[in-house]
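The following exercises ask the reader to work through a protein model step by step. Each task sentence is followed by a worked solution.

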Amino acid sequence: MLSFHTERQMIPHPILLEARQVASNQILLTYDKRTDLASATNVSNYWIRSNMGPVGIASVGMKDALTAENAIRPDMAMITPADNSMMRYVMVFRVNAMSGVMYTVLPCFVNLEGMTGFRGENWASFSRNMFIGM
C-alpha cells in the first residue's frame, strides 16, 4: 500500500526547471510542462528561502518549515505570465533582492494545465532554483 506522500507525488505535475533573476526585483520562472494559470500565478504557492533568513525577497530562512503563514503574500510580490507558453512566469517584488544573498525558489501546489488538486512540491533535484542576488 502506498503512503499518502507517495500517492500525492504520483499525480503528474510541472517541475520548476529554472529560477533566474532578470532584474533587481524580478525572477523569471520556467517550468518543464504547461501549467494551470490560476495555480501558477497564485503568489501564495511560492516560498523563497535565503541563507540570511527572511530578508529582501525571501519569505523563509534556511531551517524554517514552509507554511501558509510564511508563503509569499500578494503585498510582497505578483506573478504574471512571461509569454503565452504557460511555462514561463515573471515574479515581480516590491523590494529588491539583496546582492550576494543566496535565494532558493520553492513553488508548491502548481498544477498541470487543465488539472487541479496537486498538493506537493514543484521542484526536483535537477531544478536550477537557486541564485545569488545581484
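**Exercise 1. The nonpolar cores**

Determine which residues of the largest nonpolar core touch the most other members, and which elements supply this core.

Solution. Step 1: The structure is a predicted model, and its largest nonpolar core holds 25 residues, of which I27, L29, Y46, I48, I72, M91 and V105 touch the most other members. Step 2: Two or more residues of this core come from each of β1 (16–23), β2 (26–31), β3, β4 (77–81), β5 (88–93) and β6. Step 3: W47, V60, L106 and C108 are among the 5 residues of a second, separate core. Step 4: Return to I72 and list its contacts, leaving out residues up to four places away in sequence: they are V43, S44, Y46, W47, I48, S59, A77, M91 and F93.

**Exercise 2. The overall form**

Describe the order of helices and strands along the sequence, and decide how the radius of gyration compares with the globule rule.

Solution. Step 1: Count the elements: the protein has 2 helices and 7 strands. Step 2: Place them in sequence order, which gives the pattern α-β-β-α-β-β-β-β-β. Step 3: The radius of gyration is 14 Å, close to the 14 Å that the globule rule gives for 134 residues, so the protein is as compact as a globular protein of that length. Step 4: Along the principal axes, a box of roughly 45 × 35 × 25 Å is filled by the C-alpha atoms. Step 5: Of the 134 residues, 44% are buried. Step 6: Among contacts with a separation of 6 or more, 65% are made by residues 24 or more positions apart. Step 7: The accessible surface is about 7000 Å², and carbon and sulfur atoms account for 58% of this surface.

**Exercise 3. Strand β6 and its partners**

Identify the strands that pair with β6, and explain why β6 is described as largely enclosed.

Solution. Step 1: Strand β3 (residues 46–50) is joined to β6 by 5 bridges, and the two run antiparallel. In this pairing, Y103 of β6 stands opposite S50. Step 2: Strand β7 (residues 130–132) also pairs with β6 in the antiparallel sense, over 3 bridges. Here M102 has I132 of β7 as its bridge partner. Step 3: Strand β6 covers residues 102–107, and 5 of these 6 residues are buried, so the strand is largely enclosed by the rest of the structure. Step 4: Take T104, which lies in β6, as an example. Its relative accessible area is 8%; T104 is therefore buried, since the cut-off is under 20%. Step 5: Beyond four places in sequence, T104 touches W47, I48, R49, N129 and M130.

**Exercise 4. The hairpin of β4 and β5**

State how β4 and β5 pair, and find which residue between them takes a positive phi.

Solution. Step 1: The two strands pair in the antiparallel sense over 5 bridges. Step 2: Within this pairing, M91 in β5 stands opposite I79. Step 3: The hairpin has 6 residues between its strands, and M86 takes a positive phi near 65°. Step 4: M86 is a residue other than glycine, and its place is in the loop between β4 and β5.

**Exercise 5. The loop between β6 and β7**

Classify G114, R119 and F109 as buried, partly exposed or exposed.

Solution. Step 1: G114 belongs to the loop between β6 and β7. Its relative accessibility is 78%, so G114 counts as exposed, the cut-off being over 50%. Step 2: R119 belongs to the loop between β6 and β7, and its relative accessible area of 49% makes R119 partly exposed. Step 3: F109 is found in the loop between β6 and β7; at 21% relative accessibility, F109 is partly exposed. Phi of F109 is positive, near 70°. Step 4: Add two distances between C-alpha atoms. G114 and I11, 103 residues apart along the chain, are separated by 13 Å. R119 and F93, 26 residues apart along the chain, are separated by 25 Å.

**Exercise 6. Confidence in the model**

State the average pLDDT, and locate a segment where pLDDT stays under 50.

Solution. Step 1: The average pLDDT is 93, and 93% of the residues score at least 70. Step 2: Over residues 1–7, pLDDT stays under 50. Step 3: For residues 1–7 the model has 2 contacts beyond four places in sequence.

Notes: Residues numbered from 1 in each chain as written. Predicted model: local features only at pLDDT ≥ 70, side-chain atom pairs only at ≥ 80, totals over all residues. Heavy atoms only, no water. Buried < 20%, exposed > 50% of the residue type's maximum accessible area, 1.4 Å probe, protein only. Helix = DSSP H or I, 4+ residues; strand = E, 2+ residues; numbered from the N terminus. Pairing = 2+ DSSP bridges. pLDDT = per-residue confidence, 0-100. Contact = heavy atoms within 4.5 Å. Core = buried A, V, L, I, M, F, W, Y, C linked by side-chain atoms within 4.5 Å. Rg over C-alpha atoms; globule rule 2.2 N^0.38 Å. Areas by Shrake-Rupley, 256 points an atom, 1.4 Å probe, with all protein chains shown as cover.
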